[in-house]
Structures are given as C-alpha cells and as structure tokens.
Amino acid sequence: MQAVLETFAADDFSLWPVGEHESHGCLVLDRKLTPAEVGTAVMRIAGCNDFEPEEEHGPCPTDPLGTFLHGLLTMPDLFAAGGFRVTDNATDTVFVEPGCCNGLETWRDWLEVLDGSGCSYFGHDPSSVAERVGDIVRLTLDAHGTDGGPVIELSVDQVRTLVAGAQQDLQDFLSLAGTWAEQHLPAHAAAVTAALARALNLAPTQ
C-alpha cells in the first residue's frame, strides 16, 4: 500500500524547482523523495486547490507566487488528487487504484472499512472498493467492471498494518515538505506546511 499523488506535466512551471513527471502519472509520497519531487508534490497539491476563494478569505495577491498559493492557504476544504494504492508486488497486480474525484484527504475512509461501515469506494474509472467481511477485507479493482476486476482478500490485521504504514509515509512526506518549504518558500513556510497537513488530513509537524 502506497500513498500516491496524481501528477501532471509542468513544463512551464517556474515558481520553484520541480521534477519531470508525465500527466496522469502517480508520485509516491514518502521519506525517499528528492527535493525536486517534493517541489512537484507541493506544486500539484497547490494546483488542486487553485480556485477563487470566497470573499471572506481575503483578496487574492497580485504576485505570481502569492496568486498560485492563495487557494491552498485560504480554502477551508483542501483536495489532493490521489489516494492509497494497493499492489501485489509478487504479481504487480493493482487491487486498489485511486480513481477520478478521489483524494488523499479521504484516506481515513480505510479506517471506516476496518472499524466503521465496512465498505468504501475510492473514486471511479476504476471504481476500486474495499469491503470488510468478518475478519477479511476484500479489495476489488473495479467493482463496476464487466468482469469485476482483480480481487484479493487480506486479513483485517494485514490491512490495518498496511494503512498504518501508508499513514506514516504521508507523515514522513509532510516532514520533508516542511523542511523544503523553509528553503524554497521561507516567507510562506509555516502556512504552506500547515495547509499541506490539512490537505493530507494529518496532524501538523512540530
């Protein structure tokens, strides 16, 4: 299980250094990211929230950096396209692929599968779903596909361990991003780090 962020090509982005990534690719968020990859992730999360905030969030700055960060720093509900991807490393088969309209901010839906309603969908195209049946969690790549898509069954304890690991990866990324922001966005470092924590549904780094 990996925390992944959907990426887009950013050939014309120049506000800070970013890595090279294809459109509709996935960037794994963890402690192994290079500074350029962290820059890509921050760019992408800010881009996901590059909307015109309501008037109560204040006027939008006129400088390019302030304009780009304005939504991230002022919107109350933040979005980060992606989610927790589950792959069988032995066969390289994906069983959960975050789909359209799914975000990393909803990763705690996995806890709902384990301890709540017992079922959660993770976007569409594909419509990946996790269902708890007793002590087993059934993962299906595309619940609405003609053949149902690949299916795997794991114990609740296995899934709980996987979710905890992916959550730690997100926390490690947030720590990296905080250090990165101090170096590349010193005037906005604290605010950007706090916004990233909200976008990823995490507690802020200390």
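Just after helix H5, Asn-201 takes a positive phi of about 55 degrees, and this residue, which is not a glycine, is a convenient place to enter what is a predicted model. Most residues other than glycine have a negative phi, and most peptide bonds are trans. Asn-201 lies in the segment that follows H5, the helix of residues 189-199, and with a relative accessible area of 28% it is partly exposed.

The helix that precedes Asn-201 has a buried side to examine. In H5, the residues Ala-189, Val-192, Thr-193, Ala-195, Leu-196, Ala-197 and Ala-199 are buried. An α-helix has 3.6 residues a turn, so residues three or four places apart point the same way. Among the buried residues of H5 are Ala-189, Val-192 and Leu-196, and the buried residues of this helix pack against three partners, namely helix H1 (35-48), helix H2 (64-74) and H4.

Helix H4, spanning residues 156-184, leads from there to a sheet, on which it packs by touching S6, S7 and S8, and the direction of H4 makes about 95 degrees with that of S8. The sheet itself is open and is formed by four strands in the order S5-S6-S7-S8, with antiparallel pairing. Its edges are strand S5 (119-121) and strand S8 (151-155), each of which pairs on one side only, while neighbouring strands of the sheet are turned by 15 degrees against each other on average when direction is ignored. Within the sheet, strand S6 (residues 129-133) and strand S7 (residues 136-140) are joined in the antiparallel sense over five bridges, and Ala-130 stands opposite Leu-139 in S7.

The connection between S5 and S6 holds a further backbone feature, for Pro-126 is found in the loop between these two strands, and the peptide bond that leads from Asp-125 to Pro-126 is cis, with omega near 5 degrees.

A second set of paired strands involves the beginning of the chain. Strand S1 (residues 2-7) pairs with S3 in the antiparallel sense over four bridges, and Val-4 stands opposite Gly-83 in S3. S1 is also joined by four bridges to strand S2 (residues 25-28), again in an antiparallel arrangement, where Leu-5 stands opposite Leu-27 in S2.

Strand S3 (82-88) is followed by a loop that runs to strand S4 (93-96), and Asp-92 has its place in that loop. Phi of Asp-92 is near 60 degrees, a positive value in a residue other than glycine. Is Asp-92 buried or exposed? At 64% relative accessibility, which is over the 50% cut-off, Asp-92 counts as exposed, whereas Asn-201, with its 28%, is partly exposed.

Gly-83, already met opposite Val-4, brings the reader to the empty space inside the model. Rolling a probe the size of a water molecule over the atoms shows where empty space is left. The count comes to one cavity of 30 Å³ or more, and about 30 Å³ of space lies in the largest cavity. Which residues line the largest cavity? Its lining consists of Gly-83, Phe-84, Asn-102, Gly-103, Thr-106, Trp-107, Trp-110 and Phe-122, and these residues divide into four nonpolar, four polar and no charged. Glycine is counted among the polar residues in this division, and Gly-83 and Gly-103 both belong to the lining.

Note on methods
Residues are numbered from 1 along each chain as its sequence is written. This is a predicted model: local features need pLDDT of at least 70, side-chain atom pairs count only at pLDDT 80 or more; totals for chains, interfaces and linings use all residues. Side-chain values use heavy atoms; hydrogens and water are left out. Two strands pair if DSSP finds at least two bridges between them. Axes are lines fitted to C-alpha atoms, for helices over the stretch in contact, and angles run from 0 to 180 degrees between N-to-C directions. Contact means heavy atoms within 4.5 Å. Buried means under 20% relative accessible area, exposed over 50%, partly exposed in between (1.4 Å probe, protein chains only). On a 1 Å grid over the protein atoms alone, a cavity is a set of points where a 1.4 Å probe fits but cannot get out, and a pocket is an open set with protein on both sides within 12 Å along at least five of seven lines; lining residues have an atom within 4 Å of a point. Grid points are joined across faces, edges and corners, and a volume is the space filled by probe spheres set on the points.
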